[in-house]
Amino acid sequence: MASAQVIKRAKYKTTVKDPGTAGVLKMAWDRFIFTPNHPNSASNLDVEFRFIKGHKNTKEGSNKPPWLNLTNDQGGSYIFEFESYPDLHTCRDFVGKSIGRSGETPTAASGKTDASLPDEQISTAELELRIKLLRENSELQKLHKQLVIGGILTEAEFWATRKKLLDRESSRKSKQRVGFKSAMISDIKPATDGRTNKVTFSLTPEVILQIFAEKPAVHAAFLKYVPKKMTEKDFWTKYFKAEYLHSTRNAVAAAAEAAEDEELAIFLRNDDILAKEARQKIRRVDPTVNMEADQGDDYMHLPDHGLFRDGGKDIIESQYELYRRTLAHDLNRHAAVVLEGRTVEVELEDTRTVAEALAKLKRVESANEDSDGTANQGILERIARITEIEDLQASHGPPLAPLCIKDPRDYFDSQQVIAVKAPAAEGKKCNLSSREAYGSLRDSISQTKQMGLLNPVVKTKDALQVFNALSHDISRTKYDVGKNPQDSVLDKLPSTTKEQLLHHWTSIQELLRHFWSSYPITSSYLYAKVNRLKDAMSQIYPQLEEIKKSVPAHHKQHVSVLVRQMHQALDAAFQHYDADLQKRSAKSSERPNGYV
Amino acid sequence: MASAPSKLYADDVSLLVVLLDANPFFWSASSLPFSKFISHVISFLNSVLLLNQLNQIVVIATGHNCCDYVYDSSSPASRSAGTGKLSALSVDLLEKLEEFVGRDEKLLKKEPEGSIASSLLSGSLSMALCYIQRVFRSGPRHPHPRILCLHGSQDGPEQYVAIMNAIFSAQRSMVPIDSCFIGAQNSAFLQQASYITGGVYLKPQLLEGTFQYLSTVFGTDLHSRGFLQLPKSVGVDFRASCFCHKKTIDMGYICSVCLSIFCKHHKKCSTCGSVFGQPHSEAASEPNKKRKAGDT
């Protein structure tokens, strides 16, 4: 095991934006202590790991400084900024171990505490979901009122079995991921002030996101230069100057400006990163793609397919090719970005976050692509297979997949074995041997052949008796139960009775579910819960009796059948409870020396 | 005759598939002798054929070791003409039945243990459903099929899975399974079959009047059942058999993946192969053991 103590220099911050107080962080196996460098500063800390719920830290590859964030169980957090990432890693590992160690002891302790309800972190979102569910479903609300507000179950227990309902609610509200607009909002037209020579460009984070997505060179420049070399305002001023130069179609002036200002040059030149990506894509094109061109593919004789940006015509000289940007370029690039469908999940607050979020996304994607080496292998194999010339190859048979058919006889044979071993069912004993049995059956058949059918087939009095019995049965059951075999008895009852019965049934279900899941009783919390449940169930018992009495006579039988079922379920629970109680008292009396 | 085809296969044409129980062990111990029973049945079949010219009847015998078709009214005319006492149907059916019983006996491997052996209901149900499927695929106009089980033997719990599968496929094809149970106790399988497929389950109280029961309750076609009231059974025995031992059980363990039923805790589901977790009772029993060891 590593050393029992870790001592590092760190700065303690209360929030992310806090500059932080410098000091020394000392971690022992059960607590950590922070002493600031200035003895007058108020941020002395001495916290036990028992109260620390979790820890987060910034990643090494990101541009963030090395921070470790320890969250305590009341929702507060302690943020420490270290001097280097290795420091951060040692502390983080230590914290992880300590939390794991101290996590074991408290749960054992809390198991013994008397009737302490488990701590529940309910977020406000979840609370809202619950309230909404209760409002919409009146049955659930009634159940909730009866059980939770009546003090029989706690909120946690009530909602523990209803996670699926809550999830369904929350997923209904899930945000739709919005992609890029198809309109080219990055092509901003400035607002001109008629009097002065100022033009004003207004930028919103969505526009910025699109600009960064479409022009990776601008994105890279932003990450590189801001805030180190220039402020954001300067950056955007330069960018829009470049845009202005583009819009004037003055390639000569653009070249001149580019020669002077390095940063401006980035915006004016063609996008390097984009060119590199395009080259990569070209390399990966499937050689089996049909490249046959037709008249629709003609894009040479009319520049830009005859479309002109802002109505002007492009007249470009070859030495300024580098500074040319046609409408076709821009449109294609915009379309490619929109169709890629990259979504950035972060809230777009300021440019910095936008840039970083996009950078992270791109990194993730490139990492995924790199790990796709096997996919490339597959593609190469497929290309090799498709491009082969069939008449020069020997013919190979169709591809084979191994056949796996389980022998159906296995199943039936095993059934046969089991059937033969099956124990004897109850019923009349067959006294004859099999041969005699078959013989007697055959005799009956031949007897019938000889004698012909019975004449009359059925005696009159028998027929009449059958007829009467059937009619009576049919009319009785029709009156009682209804026409279809799947009609329910409940629909015949008056609606109040029906509702009461259903309500009692659902509450009994709920109580029984909690009751049976609490066994075997391993802690006093469960014991108290079982007692509460038992009291609630004993209250319902006489209520059911009341219902039975209040029902009019012709429904009494059905209601009593239903009530009897509920009583049986409750009785089984009571029995189990009593048996368990007896067992416990017997066991506790066994202990020697009166030890409790 | 141009208008005649439209009159073919009106709503009330029925195809009745009768599953006749020919289990000798049951019949040798039954209170109603087989010869009387078969006359009731043959008279009933004749009367069904009389109801509509286009009605069809198929009889499948359910034996102890095998099942087979013993009569098909749509097959070309039988070899034997009727004798004076019996119609062609009866003669044909009885002869085939006798042959069937002989075949069944030959297939007998060993004496059935215990008291009552069950007959192969699952086999005959499957054969009936296959025949009905063939009728469905014979064209757009076909009679409305239904299955009538004349059964008396006990349920064999080892056939639970096969019978339930047959019942569900009958439900899917909308073929009602009626049952007239002439044995001693109620048959859970047939009750479930009738309940699930929307058929009628009847246990006649007076066996001498079987013909009357048959013609009153089971004679009508499916279309007319819409305006008749037929007897309903009040309760259905929904008990299942466990998949491992084929015992009938009330409480058991169920695999949450494939819903197979087991009577004891298993480590692995034998149907779908999913692995189960530990049962709770083991955790509670351990402290008991420790304490006992400490006391002694």
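## Close-up views of chains A and B

**A salt bridge within helix H18 of chain A.** A:Arg513 and A:Glu510 lie three residues apart in helix H18 (residues 495-518) of chain A, so about one helical turn separates them. The model shown is a predicted one. A salt bridge links A:Arg513 to A:Glu510, with the closest N and O atoms 3.7 Å apart. A:Arg513 is partly exposed, its relative accessibility being 43%. A:Glu510, by contrast, is buried, with a relative accessible area of 1%. Over all chains, a search of the whole structure finds eight salt bridges. In general, side chains of opposite charge can pair when their charged atoms come close.

**Strand S6 of chain A, with its pairing to strands S5 and S7.** Strand S6 (residues 67-72) of chain A is mostly covered, five of its six residues being buried. Strand S5 (residues 52-57) of chain A runs antiparallel to S6(A), and five bridges join the two. In this pairing, A:Asn57 stands opposite A:Leu68 in S6(A). S6(A) is also joined by five bridges to strand S7 (residues 77-82) of chain A, again in the antiparallel sense. Here A:Leu70 stands opposite A:Tyr78, a residue of S7(A). Strands of a sheet pair through backbone hydrogen bonds, either parallel or antiparallel.

**The surroundings of A:His219 in helix H7 of chain A.** Helix H7 of chain A spans residues 216-225 and contains A:His219. A:His219 has a relative accessible area of 4%, and it counts as buried because this value is under 20%. When its neighbours within four places in sequence are left aside, A:His219 is in contact with A:Phe212, A:Ala355, A:Leu358, A:Ala359 and A:Lys362.

**A nonpolar surface patch that includes A:Val285.** The residues A:Val285, A:Val289 and A:Met291 make a nonpolar patch of about 300 Å² on the surface. A:Val285 belongs to the loop between helix H11 (272-283) and helix H12 (327-340) of chain A. A:Val285 is partly exposed, with a relative accessible area of 45%.

**A salt-bridge network around B:Asp178.** A salt bridge joins B:Asp178 to B:Arg146, the closest N and O atoms lying 4.0 Å apart. B:Asp178 is in strand S5 (residues 177-181) of chain B and B:Arg146 is in strand S4 (residues 144-151) of chain B, so this pair ties together parts that are 32 residues apart in sequence. Both partners are buried: B:Asp178 has a relative accessible area of 1%, and B:Arg146 has one of 0%. The side chain of B:Asp178 also meets that of B:Arg225 in a salt bridge, at 2.6 Å from N to O. B:Arg225 lies in the loop between helix H8 (210-217) and strand S7 (240-241) of chain B, whereas B:Asp178 lies in strand S5 of chain B, so the pair ties together parts that are 47 residues apart in sequence. B:Arg225 is buried, as is B:Asp178. Through shared partners, the salt bridges join B:Arg146, B:Asp178 and B:Arg225 into one network.

**The open six-stranded sheet of chain B.** The strands of this open sheet follow the order S3-S2-S1-S4-S5-S6 in chain B, and their pairing is mixed. At the edges are strand S3 (67-72) and strand S6 (201-202) of chain B, each of which pairs on one side only. Two bridges pair S5(B) with S6(B) in the parallel sense. B:Cys180 has B:Leu202 as its bridge partner in S6(B).

**Two nonpolar cores, with a view of B:Leu150.** The largest nonpolar core has 53 residues, of which B:Phe37, B:Phe44, B:Val59, B:Leu97, B:Leu150 and B:Phe218 touch the most other members. Helix H3 (residues 34-51) of chain B gives the most to this core, contributing eight residues. With residues up to four places away in sequence not counted, B:Leu150 touches B:Val18, B:Leu19, B:Leu20, B:Asp21, B:Phe37, B:Val41, B:Cys180 and B:Leu214. A second core, separate from the largest, has 39 residues, among them B:Leu19, B:Ile132, B:Val161 and B:Met164.

Key:
Residues are numbered from 1 along each chain as its sequence is written. Chains are lettered from A and ligands numbered from 1 in the order in which they are written. This is a predicted model: local features need pLDDT of at least 70, side-chain atom pairs count only at pLDDT 80 or more; totals for chains, interfaces and linings use all residues. Side-chain values use heavy atoms; hydrogens and water are left out. Patches are made of residues with over 30% relative accessible area and no salt bridge: like charges are joined within 9 Å, nonpolar side chains (Val, Leu, Ile, Met, Phe, Trp, Tyr) within 5 Å. Accessible areas come from the Shrake-Rupley method with a 1.4 Å probe; for residues, only the protein chains shown count as cover. Helices (H or I, at least four residues) and strands (E, at least two) are DSSP runs, numbered from the N terminus. Buried means under 20% relative accessible area, exposed over 50%, partly exposed in between (1.4 Å probe, protein chains only). Two strands pair if DSSP finds at least two bridges between them. Contact means heavy atoms within 4.5 Å. A nonpolar core is a set of buried Ala, Val, Leu, Ile, Met, Phe, Trp, Tyr and Cys residues joined through side-chain atoms within 4.5 Å.
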